[in-house]
Amino acid sequence: MTPTVLNAADGKVRGTYQAAGWSPAPAFDGRQGYFVDNGVLQERHSRTLASRWRFEGDGEISTAPIVVNGYVYVGSRSGRLWALNGATGQSVWSTDVGASIDEPDEHNVSQPLTGLGAGGGLVVVPATSLLVAYGQ
């Protein structure tokens with residue numbers, strides 16, 4: 001199935017985009033979408049799908065991105081977590097969480113679906129057998 005972008009106002013198809021291999025769900029902040037594809041995070045305009053920037057990190061980005069207060073958070077199989085400026089893609093902070101941050105398994109029901117979370121001034125990271133929280 002080809003990933004599709006819908007108009008939020010009327011549900012009509014605005015466009016489609018290519019996703020090579022496995023890709024987690026994108027995150028959106030206004031008209032900007034943040035997509036992980038083959039271990040790389042890419043920002044795309046939600047209407048035109050034009051891209052302004054790409055962030056390769058360590059080439060193993062595995063999580064679905066989340067956006068909190070204009071910052072895009074993504075994690076890696078290597079255990080690295082980044083906060084990026086959503087407008088520029090520049091890394092503003094990163095850390096090693098101490099364990100692999102695995103991709104969400106959206107196709108099987110063998111375990112609960114995992115992913116980054118945020119609330120109450122915290123960013124929460126499920127990492128293998130750890131649950132790590134960082135203050136924003």
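**Figure 1. Glu103 is partly exposed, at 30% relative accessibility, and pairs with Arg77 in a salt bridge.** The model shown here and in every other view is predicted. In the salt bridge between Glu103 and Arg77, the closest N and O atoms are 3.0 Å apart. Glu103 sits in the loop between strand 10 (91–96) and strand 11 (117–119), while Arg77 sits in the loop between strand 8 (71–75) and strand 9 (80–85), so this pair ties together parts that lie 26 residues apart in sequence. Arg77 is partly exposed as well, with a relative accessible area of 34%.

**Figure 2. Glu43 and Arg52 are joined by a salt bridge between their side chains.** The N to O distance in the pair is 3.3 Å. Is each partner buried or exposed? Glu43 has 0% relative accessibility and counts as buried. Arg52 is exposed, with a relative accessible area of 53%. The salt bridge of Glu43 and Arg52 therefore links a buried residue to an exposed one.

**Figure 3. Arg54 and Glu56 form a salt bridge.** The closest N and O atoms of this pair are 3.8 Å apart. Glu56 has a relative accessible area of 48% and is partly exposed. How many salt bridges does a search of the whole structure find? The search gives three. As for charged side chains in general, the protein has 9 positive and 12 negative ones. The centres of these two sets lie 13 Å apart.

**Figure 4. Ser76 is a buried residue in the loop between strand 8 and strand 9.** Its relative accessibility is 0%. Which residues does Ser76 contact, leaving aside its neighbours within four places in sequence? They are Asp58, Glu60, Ile61, Ser62, Trp82, Ser100 and Ile101. Ala127 is 51 residues from Ser76 along the chain, and the C-alpha atoms of the two are separated by 9.5 Å.

**Figure 5. Ala127 is part of strand 12 and is buried.** The relative accessibility of Ala127 is 0%. When residues up to four places away in sequence are not counted, Ala127 touches Val97, Ala99, Ser100 and Ile101. Ser100 and Ile101 are also among the contacts of Ser76. Val67 lies 60 residues from Ala127 along the chain, and 19 Å separates their C-alpha atoms.

**Figure 6. Thr128 has a positive phi, near 45°, although this residue is not a glycine.** Most residues other than glycine have a negative phi. Where is Thr128 found? Its place is the loop between strand 12 (122–127) and strand 13 (130–135). Thr128 is exposed, with a relative accessible area of 57%, whereas Ala127 is buried.

**Figure 7. Asn69 is another residue other than glycine with a positive phi, here about 55°.** Asn69 belongs to the loop between strand 7 (66–68) and strand 8. Is Asn69 buried or exposed? At 64% relative accessibility, Asn69 counts as exposed.

**Figure 8. The whole protein, as a setting for the close-up views, has 13 strands and zero helices.** From the N terminus on, every element in the run is a β element. The radius of gyration is 15 Å, close to the 14 Å that the globule rule gives for 136 residues, so the protein is as compact as a globular protein of that length. The C-alpha trace spans about 40 × 35 × 30 Å along its principal axes. Of the 136 residues, 38% are buried; Glu43, Ser76 and Ala127 are among them. Among contacts with a separation of 6 or more, 36% are between residues 24 or more positions apart. The protein exposes about 7500 Å², and carbon and sulfur atoms supply 49% of that area.

Definitions and conventions. Residues numbered from 1 in each chain as written. Predicted model: local features only at pLDDT ≥ 70, side-chain atom pairs only at ≥ 80, totals over all residues. Heavy atoms only, no water. Helix = DSSP H or I, 4+ residues; strand = E, 2+ residues; numbered from the N terminus. Rg over C-alpha atoms; globule rule 2.2 N^0.38 Å. Buried < 20%, exposed > 50% of the residue type's maximum accessible area, 1.4 Å probe, protein only. Contact = heavy atoms within 4.5 Å. Areas by Shrake-Rupley, 256 points an atom, 1.4 Å probe, with all protein chains shown as cover. Lys, Arg positive; Asp, Glu negative; His and termini not counted. Charge placed at Lys NZ, Arg CZ, Asp CG, Glu CD. Salt bridge = Lys/Arg side-chain N within 4 Å of Asp/Glu carboxyl O.
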